[in-house]
Amino acid sequence: MIKSDTIPTKVEISSNTTLSIIRDCFQCGLCTSICPLRKVSKYNPRGIIHSSLLGHSLGNDDLTTCLTCSQCFEECPQEIDFPAFIRESRSKIVLNEENFAHNNIFNLLQIFMAEMTESGMKFSFEGEINSESSIAYFPGCVDLFDQFLNLKTVKFHQIGQSAMNLINKVGIKPNLLSLKCCGHDAYWTGDTELFEKIRKYNEQIIRKAGISTLLVSCAECYYTFEELYKLEGIKIQHISQFIDQHQSKLEFKENLTKVTYHDPCRLGRFMKEYESSRNVLKNTGASLIELANNRKNAICCGVSSWLRCDDQSRAIMLRKLEEATQAVGNDGNLVVGCNKCYAHLNCVLEDKKPQHEYQLKVKELGIFVDELSNKNN
Amino acid sequence: MANNCLIIGGEIAALRATKDLIAYGISVTLVNPSNELGKISKMFQSGISDFAFKKNVLRSHLEGLESNINLNLMNNAQITKIIKNQYPFEVEITQNGTTQNHVADTIIIATGFEVFNAEKIEEYGYRYLEGVLTIFDLEMAFQQQKIPINEKTKRIIFVLCVGSRTLKDGGNPDCSTYCCSYSINQALRIKKEFPSIDVVLMYMDIRTVASHEYLYNEARKSGVLFIRGRVSSIERAEDNLITFYEDTLADSQDVLPADLVILAVGGVPLSDYDEIAMNFGVQLTPNRFVKITDKPVYTSTPGIFACGSACDGVKNVPQCLSEGGAAAMAAIQFLAEKTEK
Amino acid sequence: MTQADINLIENDFKPTIIVFACNWCSYAGADLAGVSRIQYPSNVRIVRVMCSGRVDPAFILKAFLKGADGVIVAGCHPGDCHYLEGNLKAEERINNTIKALKVLGWEASRLRLEWISASEGKRFAQVMAEFTQQIKNLGPIKIGINQR
Amino acid sequence: MIEKIGSVAVIGGGIAGIQASLDLANQGFLVHLIERNPSIGGRMVQLDKTFPTLDCAMCILGPKLVDVQRHPNIKLLTYCEPSSLSGSIGNFSLKYIKKARYVDALKCTGCGVCEEKCPYWIHDDFNAGLTRKDKRGRDKPARKVISIPFPQAVPKLAYIQAETCRYIQKGKCGICQKNCDPGAIDYNQKDEEIEIQIGAVIVATGFDPFSAEKISSLHFGEFPNVVTTLQFERLLNASGPTEGEVIRPSDQRNPKKIAFLQCVGSRNPSIDRNYCSAACCMFAIKEAIMAKEHDPSVEVYVFYIDIRAFGKGFEEFYQRAIKEFKINFIKSRVSEIRENPKNNNLILKYEDFEGIQGVTSEEMDMVILSTGLDPSSHRDFLENCLNLNLDQYGFVITDPLKPLETNRPGVYVCGVSSGPKDIPDTVAQASGAAAKAAILLKDVRNTQIEEIKLPRPIKVNLTDESRIGVLICHCGHNIASVIDCKEVAEYAKTFPNVVYASDPMYACAADTQEVLKEAIKEHKLNRIIVASCTPRTHAPLFRSTLKEVGLNEFLFDLVNLREHVSWVHSHEREDANEKAKDLVRGAIARTCRLEPLLKEKIPLIQKALVIGGGCAGMTSALDISKAGYPVYLIEKEDQLGGELLKIPVLHNGMKGIEIVEELKKKVLNDPNITLFTGAELADLSGSVGNFKGIVNGQKIEFGGVILATGAESFIPSGYYNYGKKSNIITQKELEENFDELDPKTVVMIQCVGSRESEPPRTYCSRICCTGAIKNSIRLKERNPDVNVFILYKDIRTYGDLEDYYLKTRQLGTIFIRYTDERKPEVKIKGTVEIFDEMLGRTLRINPDLIVLSVPLVPKPNEKLSQMFKVPRGSDQFFLEAHIKLRPIDFATDGIFLAGTGHYPKFTSESIYQASGAAVRVMALLAPGYLLSEGAIAEIDQDICRGCGRCEEICPYKAIELEVKAIELETETIKTVKAYVNPGVCKGCGSCLVTCPVTAITVKHFPDKTIEAQVESILLKTEQLDIKQTP
């Protein structure tokens, strides 16, 4: 119950950058009902907007629960960018460290990289590279995931390796850029100062490399470089777009696997790129069966920026696996185009078995295509 | 004596204007895009209480209209080209393939609105999920006595603001004015005929303007349930439909099963307003309805008038009638000025 | 590493080194170095933990960010662990952290894992002295508190 | 009926005495541990590493010493000699002389200044008489007159050797008194005779190494480079006189060629010491390996008769010595040692069989004599003071079926006092003796010990401000010489939470404890920091002080300024002071975040379960039921007895069936034992103290479990054509139809299917040598003309079994040795060919009976191993918690091990191991509840997402997963939640680090305390907010 004296007399909405985002809301409740978290918790974006407009400050719980998956922004009749509102609010307060999974190690690694003035991440993959090439490739923090997620069945290094194989297979020797982490998590957990630091360094390296296209494997990198970085004249390409573009140069083994595709929020709803991955999968000859909720209605994989991996997020992950199993059965493949979704879904697959019985495989797009494509034609 | 008026449209507003003008002796050419007059207005007849919906309003307008000598009715006809967009206006009209030029001293735009195509909102699954209808489908069913309600129907949900008050899915950013009253009206009819059925209305704001408020009170008295929340998606369970929404007033369950879901589809501007506007030089509102100057029914081009749902936004029946009359009077006044000179 | 060598470390840079010592073996080794009066550089700061398996990579990164120039995780020899396998888990995690620091292109040699048993007082002192010298050669870290 | 006393006197503070004392004290008996040396620890504390695991002796013994020191029920009486014992079983009175230490125990802080300053040296018996070189290179005794026995001595008090002290003898010098700040030296201390009333006595007097001077031909004491194994051990030890550097006494150089001479003072009838000392073979092999580790270029030779590596893990250790460390084992006894005067090297003459024939000589840099175990120094005390019957060597005579009882009822014996043995057997016997005493005095448990009454605890809740008291200890001038304690105390006072700071001279002194208690009451302190020495020994002292004043013992932190700062940075005074401040600041940050903890009392079921009805199982069951606890005994077969039923006659003449009948009679009419035969335990659940299981459909609950599943003899199919001809049988088959067989010539082949290079049977099965010899004696005694040949690799009749080896040779049994490279062959026709290395040619025998000595293999234990989640070794026997010090425990609490299921062993060995396991169960069940560790892990049920990683990683299986349905908004999902079993968790914290969602926190060491401590150490004061962040 909001006591009358708590309502601030004059709420300066329009001038306040954060509140102005949600100013147009007419409390219709569509965002709350479409939010994937609402199916598994009492989370109420509309309520949050309502109390914010009344001047109440948001607690740690409200801010860290939101998956920023932008399903509400996609459907909102008043086009209110709730995720952007959450991000702005997060930058106002210091998030409580306990909410970060894996003991906040990945946030620490980002801070570490930001502080190191002169070097980005060192990668070593087999395959030819050419430092003068106009096409650069950046795999993302794959090697760091290997060290700290210690999943038994998954090697994140393979994401980069498969991408390199594919790039070489289509006859290109990419320039393997040594960038720092793209800073997506720092940006989305509200640490804008840290993000700016990383962005400045990365932009400088990318410009100095004199490249025309920057190819990335992870949907989050693709969104960050495209939307948040100022890289005029440089085309940012996601691995799915790259393979789609070079379809003709790849040949595929005879393959009957049933496959279904999960649209990562950053690739789908944020960047409206639904078709590239689907074309690639169809082209491999596998039979692509859509999930019940796909394209713009695809449900988020459950966790974003390593925040709050709890019962609710696992319920969402299990629902995703359930959808996938209904689509392609236990022996099918669920293909994702984002390193993070790949990590989260495989992590829940390795949970103790009484939890669930799902046996289907979750594969990263690059790896799936690399496995199926044979020699370079 | 300049006494030739071109009226575009075939609904209640156009009919009203036509009736007034021909009664005044002005010869009217009525260009009706659809194949019959009052195709949409027909849907607005049945009302539980005639208080809001005057019964047989349409019939009284259509009576003896076509036979009137001053009326030149052209069904299935469109204005295909504007040759002269000032007084005396010259247009090219095509009807069933044959085109003819026509000179008119004044023009009244009364083309009405287009019903929002509910398929555009995938989440509602219209045409795809069995049991999801629009209010007009229901009205059709009422008129053809093929009401899809049987003893198994336990609950019917009306979903309001479908395609209205939204920037998405090609809907109409404004309110379509008629859907609230229309839906409540239908809900009342169902409740009267089948009292045992649980009728629920999912709304954001109930806008039963002026006398229509009676319908809202009547509905609540007869047990229609009103839930404030916009339905986000509808899914098919084995034997019924599941609607997902947030009840913004109560902290309750957000899932409600139903046997029938009726979408209160609003109106969107006709796509050809753009040509009319361009050719005639008539300005449009940001939401692409014909823009009215400070004087009602007057468009930005002298001699061209607009009424009904064509101008400014979708209207309900009483508004269309009054605007039809006003447009007729304005045309007569304009013609009178022209004839003096 | 005779007594004289230790005093010879001349350049003025004084590194700070954090040692996570396991209570049962390495901490006892440090005690024995004390009891036997074996001198080693004073830049070392010992933090007692119940088992080397308790040290979380996040502690190490936070230590570096807060200004530690070097970190050692000291545990029991494999097989000696009071909790049976704690040290083996520590070995896995510290190696992963070192690999991660190498990926970042950072001087991973500032982090080290050592097995020191309760009776290896001398070895404890040797490891501390040698590591301090190694950090001295690397100079102060260029991140975190020092850089601000 | 004499009134029993609930206390026990344990004579001898070695590993045996320590183990027996702990087992009894944990059950509520008062224990008087009497040790004649100034510190407990016995021989083991002098060792560097122990075989076969190469653990450092101090690492595994240290915690036990500290446990004994601070155990409320153990009275530590060191430097005391028992003088007389009177009274009878259950009610003895023991007089003992408390020798004067000339040091006041309450004042001495063990700082060691007196030892530094004392100018006079005496024989250093702790370092086995090793000498030091003085300035002019002469050999001088290495120990000071006043000294602390060894750095980790318990009690850590100095003592003066009265006979050699200048002041006590002649009233001169007194340097140590002058330099002792706490004034602990008191020259007019006198010996006192004290009498105590006890209910039982446990003799654990142990042994002294055989004094090698007695064998003149070895010139020990004459040639400097001839040392004993104990001396060599001290050379190897890092805290020994040479700090672990192996040097030759003559010229301090590192020896390049070393020779070990086995059986010095054992297996030597000429000096009437015919027994084999059992442990010196393995002792020598370990030292040989350690010598190689110190200096891989050294060449090591071991001259032996038989390598007796019979214990668990010993044979594999011996094979590692050969293959991995390339140690040369030469089967020959060195007849004479001569010294090369030029370089003090030693020339050994011996007969070399394998190499060139005849006698050869080899020059060695150093010779190490494997001296045997000699109990004779305690002979007069045991015979006259305790009137026990000893054998001719000085070992206490025991009956093989009652190995722990002596001729005097109420006086029990364990360890080397009753026969030569190594540490695992000693520990098992010590526990067994404790069991016997506990059974005797079961009605008067908890009568002698006084419950310490604690005042009402001070309420400390998390939200109120921390009020910290800081004590910066001078420790005389050990800390103060480098650190300005007053300034550090002032510095501590500058922190907002520190309300009291002082710098006492001795924080651990008794008076300072009183001052601390007053300060806590007066300043209402709720957190205490003491900056002094190592928490490992002194933290319990301060914690008990906190308890005595009602403050929760976990609101305490100890900063080590002595060992970690002042003693190691004495030349960098300024840096040392800054370090001290950093460490104190770190402690303040940590203590602000500490929370009060309570050790939970978890009720347990006071019933036991014994699986296996063989000799071991029955003994355990009987002991536990005699101690007053109901026992369930489950036997898979239809009748009790196990493997013993199949052995008609034992080596000592006893009848297997008679032993079983006697035990079975006792078990059947013991109302306390519920017997299930032909039954197996099904679906076990629960953990230590609260197990549940089903047997024959009946639900049973029990607190402790003993696995005595036993072993059976191996079927050697495929070895030496076994099974192809009827006259090729195993020893067991020979015994079963001994009367029907009357062979003329018998060939027995040893190690058939054991001591193999590939697991599982890489082990030596310990009893088959004795078994073969027993059968050879029975054959010879029945018909002296029968020819018996025994083809062997090593005859391992250890301890007093050597007599049987002598006897069979006297009866004419012929022993022929073979090696793995040239094994004997049994032809289809039945002839046996064997290469005899002594003669250098192949012999052909055609016996009418071939008897194969096969090892014991464990009875099927796969199912039990999974059910109880207890591991099995590569040899498929159950794998105990620690081969050396915990042979009858498993790593998982509440489950114990006895009998041949652990490893092949003789009946008497099974019996005392069974009693040992019984005392473990008694100690577990006695208190009626389990005390959780206090600093244990805790899982937040909301955050946990049941991924199961913590359950996988927990070495103690303390985490269990439980399937729960969770109500979510629109659906209920089946999820798994992990929770910690407080009784089992040890608080190591591995689970916390693997948890991906940081749902786990470890009490007393949560992340925030460690991070806060590290942060405050690194950041100087002004950059830091010390107060408790929300």
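Let us start just past a helix: α15(A) is followed by A:G285, whose phi is positive, near 95 degrees. Keep in mind as you read that this is a predicted model.

**A helix with one buried side**

Helix α15 of chain A spans residues 275-283. Which of its residues are buried? They are A:S276, A:S277, A:V280 and A:L281. These residues cover an arc of only 130 degrees around the axis, so they lie on the same side of α15(A). A general rule helps you here: an α-helix has 3.6 residues a turn, so residues three or four places apart point the same way.

What do the buried residues of α15(A) pack against? Among their neighbours in chain A are the strands β4 (235-238), β5 (258-262), β6 (287-288) and β7 (333-336). The helices α13 (239-245) and α18 (365-372) of chain A are also packed against them.

**A strand covered on both faces**

Now move to chain D and look at strand β15, residues 200-203. In a regular strand the side chains alternate between the two faces of the sheet. In β15(D), D:A200 and D:I202 sit on one side, D:V201 and D:V203 sit on the other, and all are buried. Both faces of this strand are therefore covered.

Strand β15(D) also has partners. With β1 of chain D (residues 7-11) it pairs in the parallel sense over four bridges, and D:V10 stands opposite D:I202. With β26 of chain D (residues 411-413), β15(D) pairs in the parallel sense over three bridges, and there D:I202 stands opposite D:Y412.

**An open sheet in chain B**

In chain B, five strands form an open sheet in the order β9-β16-β10-β11-β12, with parallel pairing. Why is one side of β9 (132-134) and of β12 (225-228) left without a neighbour in the sheet? Both strands stand at the edges and each has a single partner strand, so one side of each stays free of a neighbour in the sheet. From one strand to the next, the twist averages 25 degrees.

Inside this sheet, β10(B) (residues 155-162) and β16(B) (residues 260-265) pair in the parallel sense over five bridges. B:F158 has B:I262 in β16(B) as its bridge partner.

Here are the parallel pairs side by side:

| Strand pair | Bridges |
|---|---|
| β1(D) and β15(D) | four bridges |
| β15(D) and β26(D) | three bridges |
| β10(B) and β16(B) | five bridges |

**Confidence in chain C**

Finally, the mean pLDDT of chain C is 85, and 89% of its residues reach 70 or more. Over residues 1-9 of chain C, however, pLDDT stays under 50. For that stretch, the model has 13 contacts beyond four places in sequence.

Key
Residues numbered from 1 in each chain as written. Chains lettered and ligands numbered in written order. Predicted model: local features only at pLDDT ≥ 70, side-chain atom pairs only at ≥ 80, totals over all residues. pLDDT = per-residue confidence, 0-100. Contact = placed C-beta atoms within 7 Å. Buried ≥ 20, exposed ≤ 12 C-beta atoms within 10 Å, placed from the backbone. Helix = DSSP H or I, 4+ residues; strand = E, 2+ residues; numbered from the N terminus. Pairing = 2+ DSSP bridges. Axes fitted to C-alpha atoms, helices over the stretch in contact; angles between N-to-C directions. Arc of directions from axis to C-beta.
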